[in-house]
Amino acid sequence: MDFTGLSAFALTPLLDDRLDEAAYITIIEKLRAAGVDSIGALGSTGCYPYFSRSERASVLRLATEYSGAVPVIAGIGALRTRDVLWLAEDAQKAGVSAVLLAPVSYHPLTEDEVFDLFATVTRELSVPLCIYNNPNATHFNFSDELFARIAQLPNIGSIKIPPLAAELAPERVSALRAQIPAEIRLGISGDGTAVEALNAGCSVWYSVFGGLFPQAALAISRAAMAGDIVQARQHTAALQPLWDLFKRYGGSLRVIATAAELLGVVKAPCLPAPLQTLQGNARREVAQVIEQLRLTV
């Protein structure tokens, strides 16, 4: 598994509170056809904590079956280490190319607890693992020292870091890069500012936007990876109305899920309750931005 380029993170759509297999297959097939570099299944966009073990196994079976030669990265986060190990086993049986692990918690975790989680899980893996730092969701933020400790464990392939402001990206990426082995790839989340982290040395863009609009995301990713930062910034700037919606409505999930409903990719309601897509004026705003930007799937 080569953690480079565009990793497109897909929604996990529901229909009548069950996995909408037809819609999910369509999403995966569109990502494969677009030529994304990898597909993220059951990431935060895929609402992994809301699904049972059997539901998650079904999702991964479909993702690997319909992704063709495109590698699948599977989210395996859960509250208990025991459950993470079960999910890792299921993911590997499904044939994923890598796994993604965030330290999910209810009670705040210590650094030693998080290290022990990763040490236990990596011993049982035959595929590489991506460390996912998502403090907004997990309420745990990795220190660089903890990254460096975990990076010495077997089967660590990538580190996914939170969004970075443009002016902070070079220093932040350089500082972290200096503390981890060269073979571990740094990846960035946060679609509106990802281009700056790619320009600063990140190798992979873990993208919510790319999970629904792969062609537009590939235009940014391909330009950035080719060193054409001017073009990558132009493509990113053109999407500013969408990035503004992400900020206005508490992140990307509800906006992207609402867009998927509006475009007919999934049926409404597609999110696991109590999560809801946007309604009323907010929904109309999403529709207007889709039309303004001429976004197509």
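**Exercise 1.** In this predicted model, decide whether Y132 is buried or exposed, and describe its surroundings.

*Solution.* Begin with the relative accessible area of Y132, which is 7%. Buried means under 20%, and therefore Y132 counts as buried. Next, place the residue in the fold: Y132 belongs to strand β7, which covers residues 129-132. Then look for its partners, leaving aside neighbours within four places in sequence: Y132 is in contact with S44, L100, L101, A102, P103, F142 and K160. With one of these, S44, the contact is also polar, since the two side chains make a polar contact at 3.4 Å.

**Exercise 2.** Work out whether K160 is buried or exposed, and find which residues it touches.

*Solution.* The relative accessible area of K160 is 4%, so this residue is buried. In the fold, K160 is part of strand β8, made up of residues 156-161. Once neighbours within four places in sequence are set aside, the contacts of K160 include F9, L100, C130, I131, N133, G187, S189 and Y206, and Y132 is also among them.

**Exercise 3.** Find what the UniProt record says about Y132 and K160, and check where the two residues lie in space.

*Solution.* The record, an unreviewed UniProt entry, gives Y132 and K160 the feature "active site". Although these positions are spread over 29 residues of sequence, they cluster in space, with a largest C-alpha distance of 4.9 Å. As a last step, turn to the largest pocket, whose lining takes in both Y132 and K160.

Definitions and conventions. Residues numbered from 1 in each chain as written. Predicted model: local features only at pLDDT ≥ 70, side-chain atom pairs only at ≥ 80, totals over all residues. Heavy atoms only, no water. UniProt positions renumbered as here; feature names shortened; annotations may be inferred. 1 Å grid on protein atoms, 1.4 Å probe; cavity = no way out; pocket = protein on both sides within 12 Å on 5 of 7 lines; lining within 4 Å. Helix = DSSP H or I, 4+ residues; strand = E, 2+ residues; numbered from the N terminus. Buried < 20%, exposed > 50% of the residue type's maximum accessible area, 1.4 Å probe, protein only. Contact = heavy atoms within 4.5 Å. Polar contact = N/O pair within 3.5 Å; in protein donor to acceptor, adjacent residues only side chain to side chain.
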